[in-house]
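Got the structure open in your viewer? Here is a walk through it, one selection at a time.

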Amino acid sequence: MTDPSGFAAITSQLERLAIEVPSWAYGNSGTRFKVFGSAGTPRSVEEKIADAAVVNRLTGLAPSVALHIPWDLVDDYTALRSYAEDLGVALGTINSNTFQDDDYKLGALTHTDKVVRQKAIDHHFECIDVMHATGSRDLKVWLAEGSNYPGQADLRGRQDRLAESLATIYERIGEDQRLVLEYKFFEPAFYHTDVPDWGTSYAQVVALGERAMVCLDTGHHAPGTNIEFIVMQLLRLGRLGSFDFNSRFYADDDLIVGAADPFQLFRIMAEVIRGGGLDADSDVAFMLDQCHNIEDKIPGQIRSVLNVQEMTARALLIDRDALLVAQQDGDVLGAHEIYIDAFSTDVRPALAAWREERGLPASPMRAYAESGYQQEIEESRRGGTQLSWN
Ligand code: PSV
Ligand code: MN
Ligand code: MN
């Protein structure tokens, strides 16, 4: 095969791309208006993992599954780990959950009441116990905390209590484990959020220590935010721990990554590559944080990891040497054209051929449709309670 785009030169880097899938993507989900039930939805954590394993088997891209506690509560995490490994996937990031308990209405790690704060800290300790059993590296902390009305809360006091609570949790994580702190600029609190932006997350994690990092969820920014700039800065500072990928038109839409704005995904991956985030020694974790409200969940996840792979391949094709020369020469439009040339390259045929070379289906979407798995789960998962997003 001729290789006009230079695809052969990027496959060693592309080979390193791994995208963790979230267990909650396989449950039913919706909006505050309606959660649609769908046939074949998992009724247990094991069935979610089985579905995630299908995504990995067909794409070779999704070797681990993130769990959310207590949504994915089981008695024996060591057994769950073996079950997952038998299906060819690992258990990945453990997500804590302090947003569905009445006690946390006014805060969890930031609450003015020490008893409530300790309850939230203890929940994180339980998550760390789970991590030891599952072999997980990352504890991901996203906090729904904030206030709705000016004057409702002492912003400074909350930030101080947050620092103290996080320090207590951080002390408990193992030498090979990390704490990743996710930020979000609004929702469910609307006036202020205690970790609204990368700067706050960065300030908090730097105070904790070297194994504390920032998680960047692509849906958690105001419209118009230059997300790739944040990616660049966090990589430069050595604190980009992980991504929660999804795409959005308005806010935290949690749609299929790359569906709304593939160019933004390209720009993000271009900065990841520029900053060493795809190098062999990189610790940056790539994850999806998505829900599939109206489409089938497994092909939704397959489409998502393929989108990330496709935009990563295009970003790897940027002629970095030529770009540097154009940038240094002040060649504004020349530099821009080099960048856009890579974005405009259709890598799909090359990716299909490369997949086949590695024993994977050329079209994982088609392979899934033809596999009969969807029909099989729709038939076999009739009894029991289908799991929802929460
Ligand atoms: C919050 O919007 C979030 O992005 C966090 O990552 C949660 O863990 C996830 O959604 C699922 O609620
Ligand atoms: Mn997220
Ligand atoms: Mn979110």
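The stops below go from the whole model to its domains, the ligand and a few single residues.

**Stop 1: the whole model**

Start by colouring everything by confidence. You're looking at a predicted model, and the mean pLDDT of the protein is 97. Of its residues, 98% reach 70 or more. Select helix α1, residues 11-14, to see the element with the lowest mean pLDDT, 96. Then jump to strand β6, residues 178-182, where that mean is at its highest, 99. The scores for the model are ipTM 0.97 and pTM 0.97.

**Stop 2: two domains**

Now give residues 16-316 one colour and residues 318-372 another: by the domain assignment, these are domain 1 and domain 2. Their C-alpha centres sit 27 Å apart.

Where do they meet? Contacts link 16 residues of domain 1 with 14 residues of domain 2. On the domain 1 side, pick out α2 (45-59), α8 (262-274) and α9 (297-316), since each supplies at least two of the touching residues. Which of them gives the most? That's α9, with ten residues. Colour that side of domain 1 by class and you get ten nonpolar, three polar and three charged residues.

**Stop 3: helix α9**

Stay with α9 and hide the rest for a moment. How far apart are its end C-alpha atoms? They are 29 Å apart; at 1.5 Å a residue, the 20 residues of α9 should span 28 Å, so the two figures agree. While you look down the axis, keep a general rule in mind: an α-helix has 3.6 residues a turn, so residues three or four places apart point the same way. Bring the rest back, and you'll find that α9 is mostly covered, with 19 of its 20 residues buried.

For a close-up between α9 and the far end of the chain, select M365 in helix α13, residues 364-371. Beyond its neighbours up to four places away in sequence, M365 touches P299, I302 and R303. M365 counts as partly exposed because it has 14 C-beta neighbours inside 10 Å, which falls between the cut-offs of 12 or fewer for exposed and 20 or more for buried. Want a long ruler line to draw? From M365 to R211 is 37 Å, C-alpha to C-alpha, with their places 154 residues apart in sequence.

**Stop 4: around ligand 1**

Select ligand 1 and then show the side chains of N95, W142, E182, K184, D217, D244, D252 and D289, the residues around it. What kinds of residue make up this shell? Six are charged, one is polar and one is nonpolar.

**Stop 5: the loop between β6 and β7**

Next, go to the loop between β6 and β7 (192-193), where P188 has its place. A cis peptide bond joins E187 to P188, with omega about 5°. E187 lies in that loop too, and its phi is near 70°, a positive value in a residue other than glycine. Why stop for these? In general, most residues other than glycine have a negative phi, and most peptide bonds are trans. Is E187 buried or exposed? E187 is exposed, because just 12 other C-beta atoms lie within 10 Å.

From here, step across to N148, in the loop between β5 (146-147) and α5 (155-172). N148 is in contact with A189, F190 and Y191, leaving aside neighbours within four places in sequence. Draw a distance from N148 to Y191: their C-alpha atoms are 4.5 Å apart, though 43 residues separate them in sequence. N148 has 11 C-beta neighbours inside 10 Å, so it counts as exposed.

**Stop 6: three more loops**

- Find P70 in the loop between β2 (64-68) and α3 (77-86). Another cis peptide bond is here, joining I69 and P70, with omega about 15°.
- Select D254, in the loop between β9 (240-245) and α8. D254 isn't a glycine, yet its phi is positive, about 55°. With 24 C-beta neighbours inside 10 Å, D254 counts as buried.
- Finish at C291, in the loop between β10 (285-288) and α9. C291 counts as buried, with 23 C-beta neighbours inside 10 Å. One last ruler line: the C-alpha atoms of C291 and A66 are separated by 14 Å, and the two residues are 225 residues apart along the chain.

How values were computed: Residues numbered from 1 in each chain as written. Chains lettered and ligands numbered in written order. Predicted model: local features only at pLDDT ≥ 70, side-chain atom pairs only at ≥ 80, totals over all residues. Domains from an automatic or database assignment. Contact = placed C-beta atoms within 7 Å. Helix = DSSP H or I, 4+ residues; strand = E, 2+ residues; numbered from the N terminus. Nonpolar A, V, L, I, M, F, W, Y, C, P; charged D, E, K, R; others polar. Near = placed C-beta within 6 Å. pLDDT = per-residue confidence, 0-100. Expected span 1.5 Å × (residues − 1).
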